[in-house]
Amino acid sequence: MLEQLASYLPQKTGGLLPSWMLLVSVVSVFNSAQCYFGGLALTRRVYEAQPQQVTGLSARTFGTWTVVAAIVRFYAAYNINIQPIYDMALSTYVLAGFHFVSEWLVFGTAKLGKGLYGPLFVASVTTAWMLTQRDFYLH
């Protein structure tokens, strides 16, 4: 059964980045569903400096953006050797990082805490990983 599940993982290249991107995509889809159907509590944890600014509309908008990014990242996990796809996926992490850092340091809606650690970690680590491994995947 484990072998059958492994057959669905990205197989074309070496390295762990494609599998990481697949994992991030799957988690993002669940996060998006939570934004639509799970109430506002988890989204307010990210923007805990001003949680009153999180509304149903803003949560659903965030969920929509997150699922679009998940689709791009999912596609890139299986097509990581194609430069435009690689670049589009990279841009989703850069944009996410920009969003979370600006909400924290510029707009003051987020604060460094449990809700922000995960998104900042994923955005910054994956951006650095993709920048440093670009030649490996796009040889």
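In the predicted model, helix H2 comprises 21 residues, from 17 to 37. At a rise of 1.5 Å a residue, a helix of this length should span 30 Å, and the end C-alpha atoms of H2 are indeed 30 Å apart, so the expected and computed spans agree. Just beyond H2, glycine 39 adopts a positive phi of about 80 degrees.

The buried positions of H2 are Leu17, Pro18, Met21, Leu22, Val24, Ser25, Ser28, Ser32, Gln34 and Cys35. An α-helix has 3.6 residues a turn, so residues three or four places apart point the same way. The cover over the buried residues of H2 includes helices H3 (41-46), H4 (56-78), H5 (83-105), H6 (114-132) and H7 (134-137).

Two buried residues of H2, Leu17 and Met21, also belong to the largest nonpolar core, which has 14 residues. Together with Ile80, Tyr86 and Met130, Leu17 and Met21 touch the most other members of this core. Two or more of the core residues are contributed by each of H2, H4 and H5, with H5 giving the largest share, 5 residues. When residues up to four places away in sequence are not counted, methionine 21 touches Arg73, Ala76, Ala77, Ile80, Ala89, Tyr93 and Met130. A second, separate core consists of 11 residues, among them Val54, Phe62, Ala110 and Ala123. In soluble globular proteins, nonpolar side chains tend to be buried together.

H2 also takes part in the largest pocket, the volume of which is about 580 Å³. This pocket is lined by 25 residues, and those closest to its centre are Val27, Ser28, Asn31, Gly118 and Pro119. At least two lining residues come from each of H2, H3, H4, H5 and H6, and H2 provides the largest share, 7 residues. By class, the lining of the largest pocket contains 15 nonpolar, 7 polar and 3 charged residues.

The second largest pocket holds about 270 Å³ of space. Of the 16 residues in its lining, Tyr47, Ser58, Phe62, His99 and Glu103 lie nearest the centre; Phe62 is also a member of the second nonpolar core. H4 and H5 each supply at least two residues to the lining of the second largest pocket, and H5 contributes the most, with 6 residues. This lining divides into 9 nonpolar, 6 polar and 1 charged residues.

Technical notes:
Residues numbered from 1 in each chain as written. Predicted model: local features only at pLDDT ≥ 70, side-chain atom pairs only at ≥ 80, totals over all residues. Heavy atoms only, no water. Helix = DSSP H or I, 4+ residues; strand = E, 2+ residues; numbered from the N terminus. Expected span 1.5 Å × (residues − 1). Buried < 20%, exposed > 50% of the residue type's maximum accessible area, 1.4 Å probe, protein only. Contact = heavy atoms within 4.5 Å. 1 Å grid on protein atoms, 1.4 Å probe; cavity = no way out; pocket = protein on both sides within 12 Å on 5 of 7 lines; lining within 4 Å. Points joined across faces, edges and corners; volume = space filled by probe spheres on them. Nonpolar A, V, L, I, M, F, W, Y, C, P; charged D, E, K, R; others polar. Core = buried A, V, L, I, M, F, W, Y, C linked by side-chain atoms within 4.5 Å.
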